[in-house]
Amino acid sequence: MKDYILTYLSDQANLDTGQLIVNMLVAFALGMGIFIAYRITYSGVAYSRKFNASLVMMTLVTTIVMTVISNNIALSLGMVGALSIVRFRTAIKDPRDTTFIFWCIAVGICCGVSFYLPAAIGSAAVFIAILLLGRVRSEGVYLLIIRGKRTEEKQIESIVYLYIKSAELRVKNTSGSDIEYIFSFRRRSYEQAEKEAGESISSRLYKLETVTAANLVAQDEDISR
């Protein structure tokens with residue numbers, strides 16, 4: 001029994017070159033579909049061609065690995081051990097990128113074991129889901145940065161809170177004579193307040209002669225990329 005197990009684990013299955021070629025061609029076709037899907041559905045301002053191209057290569061690499069280890073238990077266990085010591089430090093800035101990475105891995109696994117139909121149907125389902133849910137975006141946030149004199153501290157705070165009741169104080173820096181604020185609030189709240197007031201909050205703040213700067217910065221997931 002022991003000899004049988006050792007023989008079974010160490011047996012190197014003959015790799016079918018023709019099957020490998022077919023697997024790679026199907027993986028490349030589906031990988032190009034993922035490439036096109038990423039390009040069509042990307043809505044940010046910093047589109048990365050290199051990352052999109054790496055999705056196709058990731059699909060092919062996963063297919064090669066799965067094709068090699070699919071018929072060899074010993075090799076598959078060794079591959080798991082080798083991959084367990086790899087550490088990837090690349091930060092994923094957009095959660096959607098993680099979806100595409102796992103999509104490529106899933107397609108590569110299916111193509112590596114010649115399960116073409118699940119790979120094709122699954123890819124179509126994921127693509128449709130991305131198209132339907134691609135419009136979902138987080139609500140934008142504005143940061144209001146105000147610099148002025150400490151003598152007008154109370155007036156500045158009252159203007160901000162009267163203009164936008166939902167404003168939140170994030171930072172308050174003071175020196176001997178100067179003061180700096182950073183407030184945050186939802187874009188929708190600001191637009192509504194501006195419509196009701198008939199003027200921007202910066203115009204209202206500049207009526208205080210001691211206010212030297214009032215900067216409004218949009219903070220959202222697109223700019224963060």
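In the predicted model, Met66 is placed in helix α3, which spans residues 49-69. Met66 has a relative accessible area of 19% and is therefore buried, the limit for that class being under 20%. When neighbours within four places in sequence are set aside, the contacts of Met66 are with Gly108, Ile109, Gly112 and Val113. Between Met66 and Ser114, which are 48 residues apart along the chain, the C-alpha separation is 9.6 Å.

Helix α5 covers residues 95-112. With 18 residues, α5 reaches 26 Å from its first C-alpha to its last, close to the 26 Å expected at 1.5 Å a residue. The buried residues of α5 are Asp97, Phe100, Ile101, Trp103, Cys104, Val107, Gly108, Cys110, Cys111 and Gly112. These buried residues pack against α2, α3 and α6, the last of which comprises residues 116-133. Two of the residues in contact with Met66, Gly108 and Gly112, are among the buried residues of α5. Ser114 follows α5 and has a positive phi, near 65°.

A search of the whole structure gives ten aromatic pairs. One of them joins Tyr38 and Tyr42, with ring centres 5.6 Å apart and planes at 40°, so the pair is classed as tilted. Tyr38 counts as buried because its relative accessibility is 0%, under the limit of 20%. Tyr42 is likewise buried, with a relative accessible area of 10%. In the pair formed by Tyr161 and Phe183, the ring centres are 5.7 Å apart and the planes stand at 90°, so this pair is edge-to-face. Tyr161 belongs to helix α7 (residues 153-163) and Phe183 to strand β3 (residues 178-186), so the pair ties together parts that are 22 residues apart in sequence. The two partners fall into separate exposure classes: Tyr161 is partly exposed at 33% relative accessibility, whereas Phe183 is buried at 0%.

Tyr38 and Tyr42 also belong to one aromatic cluster, together with Phe51, Phe100 and Trp103. Within this cluster, Phe100 and Trp103 are listed among the buried residues of α5.

At the surface, Ile36, Ile40 and Leu131 make a nonpolar patch of about 280 Å². Ile36 is located in helix α2, which runs over residues 17-41. The relative accessible area of Ile36 is 45%, and Ile36 is therefore partly exposed, a class that lies between 20% and 50%. Helix α2, which holds this patch residue, is also one of the helices against which the buried residues of α5 pack.

For the chain as a whole, ten helices and four strands are assigned. Along the sequence, these elements follow the pattern α-α-α-α-α-α-β-α-β-β-α-α-β-α. The chain has 225 residues, of which 32% are buried. Of the contacts with a separation of 6 or more, 75% are between residues 24 or more positions apart. The exposed area of the chain is about 14400 Å², with carbon and sulfur atoms supplying 62% of it.

Methods
Residues are numbered from 1 along each chain as its sequence is written. This is a predicted model: local features need pLDDT of at least 70, side-chain atom pairs count only at pLDDT 80 or more; totals for chains, interfaces and linings use all residues. Side-chain values use heavy atoms; hydrogens and water are left out. Buried means under 20% relative accessible area, exposed over 50%, partly exposed in between (1.4 Å probe, protein chains only). Contact means heavy atoms within 4.5 Å. Rings of Phe, Tyr and Trp (its six-membered ring) pair if their centres lie within 6.5 Å; planes under 30 degrees apart count as stacked, over 60 as edge-to-face and the rest as tilted. Patches are made of residues with over 30% relative accessible area and no salt bridge: like charges are joined within 9 Å, nonpolar side chains (Val, Leu, Ile, Met, Phe, Trp, Tyr) within 5 Å. Accessible areas come from the Shrake-Rupley method with a 1.4 Å probe; for residues, only the protein chains shown count as cover. A salt bridge is a side-chain nitrogen of Lys or Arg within 4 Å of a carboxyl oxygen of Asp or Glu. The expected span of a helix is 1.5 Å times one less than its number of residues.
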